[in-house]
Amino acid sequence: MYTKPIIFAVEDDAAIAEAYSYSLENEFIFTCFSDGKALFDTLNNKSTTLPDIILLDIMLPGDDGYAILMRLKSNSRTLHIPVIMISAKGEEISKVKGLNMGADDYLAKPLGVMELVARLKAHLRKSQRKITISETENIVYKDIFIDVSKYEITANGVKLQTALKEFQLFCMLCKNPEKALSREAIFEEVWTGNYVVESRTLDCHIKEIRKKLAEADSETVIKTIRGVGYMLE
């Protein structure tokens with residue numbers, strides 16, 4: 001039997017929340033929360049069916065969208081829920097910050113109903129073909145050890161603190177060592193085909209991973225293949 005996808009939103013503007021509800025109620029099971037506390041009160045209830053996607057505003061009372069995103073991505077129960085950040089803040093730095101912290105997409109207000117529904121459906125399709133890494137599979141390359149079940153990366157004996165997308169990206173590189181991976185292939189696997197994500201976002205993730213490898217004095221190097229993408233060597 002078909003079950004409508006569940007969408008949660010965190011939005012403190014009553015008018016916008018009502019517009020969301022009106023636009024989404026026919027195709028989705030939609031619930032809106034006015035702040036992060038209300039969201040987590042519901043998510044922490046073990047009887048709650050987790051949402052398929054969370055729409056997250058940035059400017060909120062109490063914890064802002066970035067703080068809520070960090071809590072979602074640091075909890076194993078909510079880690080894999082796609083998050084679309086929505087905000088009137090259209091500056092590139094805000095967008096890059098959200099994506100680097102693990103958001104799956106970013107939309108700027110005002111946004112059209114048709115675009116919102118299209119993005120939701122696209123992410124629902126992508127979530128059905130996410131990266132398939134066995135929970136019991138560990139990845140080893142040179143001085144790198146990745147415990148996939150714990151989402152932990154160790155380089156030269158030093159545990160690296162990584163955001164979700166950094167972790168997924170590094171897993172892909174380590175599973176394909178000494179092989180040039182194109183930007184398109186990386187977007188397809190790590191961002192599940194979300195080409196809306198700018199090329200700069202990928203470069204920012206690579207830069208952060210390189211920095212962490214250098215700080216750990218790792219022998220592992222991420223090489224840029226001009227005109228193609230990246231390769232681990």
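This tour walks through a predicted model, from its nonpolar cores to its salt bridges.

**Stop 1: the largest core.** Start by selecting I146, F170, L173, I186 and I222. Within the largest nonpolar core, which has 28 residues, these five touch the most other members. Next, colour the elements that each supply at least two residues of this core: β6 (138-141), β7 (144-147), β8 (152-155), α6 (164-175), α7, α8 (199-215) and β12 (229-232). Which of them gives the largest share? That is α6, with seven residues. As a general backdrop, nonpolar side chains tend to be buried together in soluble globular proteins.

**Stop 2: around I222.** Keep I222 selected and show its contacts, leaving aside neighbours within four places in sequence. You should find F170 and L173, then I206, I209, R210 and L213, and finally Y230, M231 and L232. Apart from this core lies another one of 21 residues, including V10, F40, I54 and I58.

**Stop 3: helix α7.** Select residues 183-190 and look for the buried ones: I186, F187 and V190. Why do they sit on the same side of α7? Their directions cover an arc of only 100 degrees around the axis. The general rule behind such patterns is that an α-helix has 3.6 residues a turn, so residues three or four places apart point the same way.

**Stop 4: salt bridges.** The structure holds eleven of these, and a few are worth a visit.

- Select D104 and K165, whose side chains meet in a salt bridge at 3.3 Å, N to O. D104 is in the loop between α4 (92-100) and β5 (105-108), while K165 is in helix α6, 61 residues apart. With the cut-off for buried at under 20% relative accessible area, D104 counts as buried because its value is 11%, and K165 does too at 5%.
- Move to K212 and E166, which pair at 2.6 Å, N to O. K212 lies in α8 and E166 in α6, so this bridge ties together parts that are 46 residues apart in sequence. Both K212 and E166 are buried.
- Now pick D203 and R183, with their closest N and O atoms 2.7 Å apart. Since D203 is in α8 and R183 in α7, the pair ties together parts that are 20 residues apart in sequence. Are these two buried or partly exposed? D203 counts as partly exposed at 30% relative accessibility, and R183 counts as partly exposed at 24%.

**Last stop: a network.** Finish by selecting E11, D57 and K109, which a network of salt bridges links.

Technical notes
Residues are numbered from 1 along each chain as its sequence is written. This is a predicted model: local features need pLDDT of at least 70, side-chain atom pairs count only at pLDDT 80 or more; totals for chains, interfaces and linings use all residues. Side-chain values use heavy atoms; hydrogens and water are left out. Buried means under 20% relative accessible area, exposed over 50%, partly exposed in between (1.4 Å probe, protein chains only). Helices (H or I, at least four residues) and strands (E, at least two) are DSSP runs, numbered from the N terminus. The arc is that of the directions from the helix axis to the C-beta atoms. A nonpolar core is a set of buried Ala, Val, Leu, Ile, Met, Phe, Trp, Tyr and Cys residues joined through side-chain atoms within 4.5 Å. Contact means heavy atoms within 4.5 Å. A salt bridge is a side-chain nitrogen of Lys or Arg within 4 Å of a carboxyl oxygen of Asp or Glu.
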